[in-house]
Amino acid sequence: MLDVRGVSLNFGGINALSNIDLSVREREIFALIGPNGAGKSTLFNCITRLYKPTEGSITFAGHDLLALQAHDLPAIGIARTFQNTALFPQLSVLDNVLVGAHHATDHSPVRAVLRTSSWRRNETEVRERAEKLLVSLSLDSMARRRLGSLDFPTQKRVELARALLASPRLLLLDEPAGGLAREEAEELSLLVRKLRDEEDLTVLLVEHHMAMVMKLADRICVLDSGVKLAEGTPHEVQHDPDVIRVYLGSSRKKEGKP
């Protein structure tokens with residue numbers, strides 16, 4: 001479904017990404033991991049068209065993503081969340097979620113002013129799907145509450161609901177467990193797998209929470225300093241010598257240190 005080939009990105013002489021190849025299969029949960037500065041978010045931002053690679057190609061379901069702009073992606077079935085929630089604290093939970101349907105909403109000023117039957121039907125369908133998602137994510141009881149009054153884990157779920165309202169085929173999650181306690185991360189892991197099945201999603205995530213990644217991901221790609229170190233199942237990645245070196249440090253292992 002998603003194919004990244006030979007992607008490199010240079011920032012002022014610094015190679016942020018170097019010749020990255022990876023493929024994400026349909027209905028797969030695929031994780032990008034690596035130390036800070038590995039290039040995970042940089043690759044994420046290339047896929048979602050916030051950055052333009054210096055070299056390489058990125059295709060999604062037959063679409064050349066490098067020929068598109070970020071605002072074009074929801075219309076072809078791509079949605080994302082952000083490491084720091086990009087929400088509107090002064091708006092209600094429901095209104096924040098409804099923002100996610102902007103690409104599917106009838107924007108015709110004439111139809112909106114006249115409130116034509118097609119405009120009303122479109123608005124009703126969008127709102128019904130938003131309310132259904134709030135129920136699925138256990139947010140329905142706070143639909144009218146101001147987002148800024150809610151805790152961070154709840155805001156994370158609101159952002160997830162907003163991304164899902166776009167009915168994506170590919171959902172990109174940028175550190176969804178960031179700032180969550182262990183129990184909350186475990187609940188999120190179960191929720192992502194449930195949503196993958198119910199919404200027929202393909203999921204690509206960047207995550208530092210290794211326990212969550214190893215339980216959730218079907219396959220994992222490990223980056224270090226903009227270079228791909230390994231790719232495979234959680235078991236394969238955990239036993240890859242290059243991954244062990246990056247995460248544990250070869251010198252510490254030789255010295256017998258924990």
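These legends walk through a few close-up views of a predicted model.

Here are the ground rules: residues are numbered from 1 along each chain as its sequence is written. In this predicted model, local features need pLDDT of at least 70 and side-chain atom pairs count only at pLDDT 80 or more, while totals for chains, interfaces and linings use all residues; side-chain values use heavy atoms, with hydrogens and water left out.

**View 1. The whole protein, with eleven helices and ten strands.** Helices (H or I, at least four residues) and strands (E, at least two) are DSSP runs, numbered from the N terminus. Of the 258 residues here, 47% are buried. Buried means under 20% relative accessible area, exposed means over 50%, and partly exposed is in between, using a 1.4 Å probe and protein chains only. Take the contacts between residues at least 6 apart in sequence: 67% of them join residues at least 24 apart. A contact here is heavy atoms within 4.5 Å.

**View 2. An open sheet of six strands.** Follow the order β6-β7-β8-β3-β9-β10, and you'll find that the pairing is mixed. At the edges sit β6 (78-80) and β10 (227-232), each pairing on one side only. From one strand to the next, the twist averages 15°. Two strands pair if DSSP finds at least two bridges between them. Strands of a sheet pair through backbone hydrogen bonds, either parallel or antiparallel. At one edge, β6 and β7 pair in the parallel sense over three bridges, and Ala 79 stands opposite Leu 171 in β7.

**View 3. The hairpin of β9 and β10.** Strand β9 (residues 219-224) and β10 run antiparallel, joined by five bridges. One pair to look for is Ile 220 with its bridge partner in β10, Gly 232. Two residues lie between the strands, and Ser 225 in the turn has a positive phi of about 55°.

**View 4. Strand β8, covered on both faces.** Five of the five residues of β8 are buried, so the strand is largely enclosed by the rest of the structure. Thr 202, Leu 204 and Val 206 are on one side, with Val 203 and Leu 205 on the other. β8 runs parallel to β7, with five bridges joining them, and parallel to β3, with four bridges.

**View 5. Val 203, a buried residue in β8.** The relative accessible area of Val 203 is just 1%, which is why it counts as buried. Across in β3, Ile 29 stands opposite Val 203. Glu 28 and Val 203 are 175 residues apart in sequence, yet C-alpha to C-alpha they are 6.2 Å apart in space. Leaving aside neighbours within four places in sequence, Val 203 is in contact with residues including Phe 30, Leu 171, Leu 173, Val 192 and Arg 196.

**View 6. Asp 174 in strand β7 (residues 170-174).** Asp 174 counts as buried because its relative accessibility is 5%. Its side chain makes a polar contact with the side chain of Arg 80, at 3.2 Å. A polar contact is a pair of N or O atoms within 3.5 Å; within protein, one must be able to donate a hydrogen and the other to accept it, and residues adjacent in sequence count only if both atoms are side-chain atoms. Over in β8, Val 206 stands opposite Asp 174. Not counting residues up to four places away in sequence, Asp 174 also touches residues including Ser 41, Phe 44, Thr 81, Phe 82, Gln 83 and Lys 156.

**View 7. Helix α1 (residues 40-47).** Seven of its eight residues are buried, so α1 is largely enclosed by the rest of the structure. Among the buried ones are Leu 43, Phe 44, Cys 46 and Ile 47. After α1 comes Arg 49, with a positive phi near 70°.

**View 8. Helix α7 (residues 182-199) across the sheet strands β3 (29-33), β7 and β8 (202-206).** The helix runs at about 140° to β3. Axes are lines fitted to C-alpha atoms, for helices over the stretch in contact, and angles run from 0 to 180 degrees between N-to-C directions.

**View 9. The second largest pocket, with about 300 Å³ of space.** Of the 17 lining residues, the closest to the centre are Pro 153, Arg 157, Leu 180, Leu 188 and Leu 191. The elements giving two or more residues to the lining are α6 (152-165), β7 and α7, and α6 gives the most, with six. On a 1 Å grid over the protein atoms alone, a pocket is an open set of points where a 1.4 Å probe fits, with protein on both sides within 12 Å along at least five of seven lines; lining residues have an atom within 4 Å of a point. Grid points are joined across faces, edges and corners, and the volume is the space filled by probe spheres set on the points.
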